[in-house]
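Please open the model in your viewer and keep the selection panel at hand, since each stop on this tour begins with something to select.

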Amino acid sequence: MAAERTFPDIRDAVARLCADYGGDYWRRLDADRQYPTEFVAALTAAGYLSVLIPEEYGGSGLPLGAACAVLEEIHRSGGNGGACHAQMYTMGTLLRHGSERQKRQFLPDIAAGRLRLQAFGVTEPGSGTDTSRIRTTAVRDGDDYVVNGQKVFISRTEHSDLMVLLVRTSPRPERGSHTDGMSVLLVDLREAIGNGLTIRPIATMMNHATTELFFDGLRVPATNLIGREGDGFRCILDGMNAERILIAAECIGDARWFTARSSAYASEREVFGRPIGANQGVQFPIARAHIQTEAAALMVQRAADLYDAGLPVGAEANMAKLLASEAAWAAADTCIQTHGGYGFTTDYDVERKFRETRLYQVAPISTNLILSFVATRELGLPKSF
Ligand SMILES: Cc1cc2nc3c(=O)[nH]c(=O)nc-3n(C[C@H](O)[C@H](O)[C@H](O)COP(=O)(O)OP(=O)(O)OC[C@H]3O[C@@H](n4cnc5c(N)ncnc54)[C@H](O)[C@@H]3O)c2cc1C
């Protein structure tokens with residue numbers, strides 16, 4: 001069915017692992033708003049969360065395309081990689097911009113799953129999408145930075161040992177690049193919680209373990225600064241492209257799950273004495289969602305290929321995320337419609353996946369911001385902000 005089935009061995013192995021965590025597992029967690037601890041442990045033990053870490057630091061050193069295959073298969077099986085996908089890519093900031101000492105200190109333990117680095121703190125209540133206006137500050141005091149401020153929607157902090165945190169170390173410049181003066185700190189959450197950091201869970205429409213963070217004089221050793229002080233935005237930027245491509249792969253997995261469910265149900269459900277799928281009013285939206293998915297999958301693959309070749313990928317990463325998240329949403333909407341009333345019952349998993357896949361038109365970057373990026377950077381249209 002797929003345009004090209006890359007990394008077939010990885011896909012088959014991940015699908016086998018996911019078969020042990022079926023719809024009943026995800027439904028129960030969703031109802032109780034619990035973290036998929038057993039599933040994440042199994043993925044970690046099988047080495048799938050460290051595929052992007054180079055072999056010299058204990059990972060398998062595979063390309064981004066392999067990580068895409070892992071996440072797509074999780075979602076295609078009906079699961080949700082949102083619980084742990086950041087363990088794959090958050091370490092990229094450390095890998096690309098950390099010192100050799102930092103890399104040797106942290107990456108082997110991250111690769112082995114002894115250290116969880118899957119919290120990435122950027123968004124703030126007062127700045128929204130405009131990252132340059134973050135207000136969380138870090139002020140140097142002796143051998144430490146002292147952090148004050150607030151973050152919102154920071155996911156998995158309760159299930160992570162470390163967090164990559166974006167702070168302001170100098171005020172937002174009025175002229176020149178507004179993103180200058182930000183820095184990246186690696187925060188040890190095990191030491192920080194209760195010592196200047198308070199975490200408050202946020203209830204959301206799906207089971208996503210996201211939280212609000214309050215910093216009040218948190219001390220972070222200056223040795224945990226990643227990259228140069230003031231250069232933090234650049235340090236997280238290339239990681240954001242990887243994140244967008246990986247999440248686009250999850251959306252492709254979602255879309256394929258929805259369309260498989262739609263096709264199966266439409267073939268077996270009989271109304272007016274024949275399968276509902278024999279009606280073109282039912283089958284055409286399913287076919288259209290499939291076509292949309294396959295087109296989006298090509299863009300995801302192209303973005304991953306460019307990334308793996310070390311070529312500029314900003315436009316393709318953004319376009320892949322937009323197309324894949326919209327394809328997943330079209331497939332989700334069609335799946336609900338195809339199932340009629342049963343699409344709204346929890347037993348079929350359709351309503352759960354419907355809620356889960358909606359997120360990706362807003363996070364990690366919203367559709368409007370992608371359109372703005374393509375309009376102004378790719379097409380040279382005048383800037384609106
Ligand atoms: C479940 C969940 C998990 C998340 N996890 C993380 C995480 O782990 N780490 C993290 O740092 N962040 C995380 N986020 C935050 C996420 O990245 C932001 O919610 C997202 O970037 C949008 O920012 P915002 O919510 O402040 O919306 P706003 O910036 O307030 O925007 C609201 C709406 O207005 C639109 N808009 C704003 N400005 C413009 C403009 N100039 N032109 C056109 N439209 C515009 C946006 O597109 C959006 O639709 C998460 C969010 C959610 C919901």
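The tour goes from aromatic rings to charges over rings and then to the ligand.

Bear in mind throughout that this is a predicted model. Begin with the aromatic side chains, among which eight aromatic pairs are counted when ring centres have to lie within 6.5 Å. Select Tyr-21 and Tyr-25, whose ring centres are 5.0 Å apart and whose planes stand at 70°, so this pair is edge-to-face, given that planes over 60 degrees apart are placed in that class. Keep Tyr-25 selected and add Trp-26, and you have another edge-to-face pair, with 5.4 Å from centre to centre and 85° between the planes.

Are these side chains buried or exposed? Tyr-21 is buried, with a relative accessible area of 15%, and Tyr-25, at 7% relative accessibility, counts as buried too, because the term covers residues under 20%. Trp-26 is likewise buried, as is its partner Tyr-25. Now add Phe-39 to the selection, and the view holds one aromatic cluster, formed by Tyr-21, Tyr-25, Trp-26 and Phe-39.

Next, look for positive side chains placed over rings. Select Arg-140 together with Tyr-145: the arginine lies over the face of the tyrosine, at 5.6 Å from the ring centre. Then move to Lys-353 and Trp-257, where the lysine lies over the face of the tryptophan, at 5.6 Å from the ring centre.

Finally, select the ligand and display the residues around it. Which residues are closest to the ligand? Of the 20 residues that surround it, the closest are Phe-120, Thr-123, Thr-129, Phe-153 and Ser-366. For the polar contacts, turn to the nitrogen atoms of the ligand: one such atom is 2.7 Å from an N or O atom in the side chain of Thr-123, a nitrogen is 2.8 Å from a polar backbone atom of Phe-153, and a polar side-chain atom of Ser-155 lies 2.9 Å from a ligand nitrogen. On its own the ligand has 970 Å² of accessible area, of which the protein covers 66%. If you switch on a pocket display, look for the largest pocket, which is the space taken by the ligand.

Conventions
Residues are numbered from 1 along each chain as its sequence is written. This is a predicted model: local features need pLDDT of at least 70, side-chain atom pairs count only at pLDDT 80 or more; totals for chains, interfaces and linings use all residues. Side-chain values use heavy atoms; hydrogens and water are left out. Rings of Phe, Tyr and Trp (its six-membered ring) pair if their centres lie within 6.5 Å; planes under 30 degrees apart count as stacked, over 60 as edge-to-face and the rest as tilted. Buried means under 20% relative accessible area, exposed over 50%, partly exposed in between (1.4 Å probe, protein chains only). A charge sits over a ring if NZ of Lys or CZ of Arg is within 6 Å of the ring centre and within 35 degrees of the ring normal. A residue is near a molecule or strand if one of its heavy atoms lies within 4 Å of it. A polar contact is a pair of N or O atoms within 3.5 Å; within protein, one must be able to donate a hydrogen and the other to accept it, and residues adjacent in sequence count only if both atoms are side-chain atoms. Accessible areas come from the Shrake-Rupley method with a 1.4 Å probe; for residues, only the protein chains shown count as cover. On a 1 Å grid over the protein atoms alone, a cavity is a set of points where a 1.4 Å probe fits but cannot get out, and a pocket is an open set with protein on both sides within 12 Å along at least five of seven lines; lining residues have an atom within 4 Å of a point. A molecule sits in a cavity or pocket if more than half of its atoms lie within 2 Å of its grid points.
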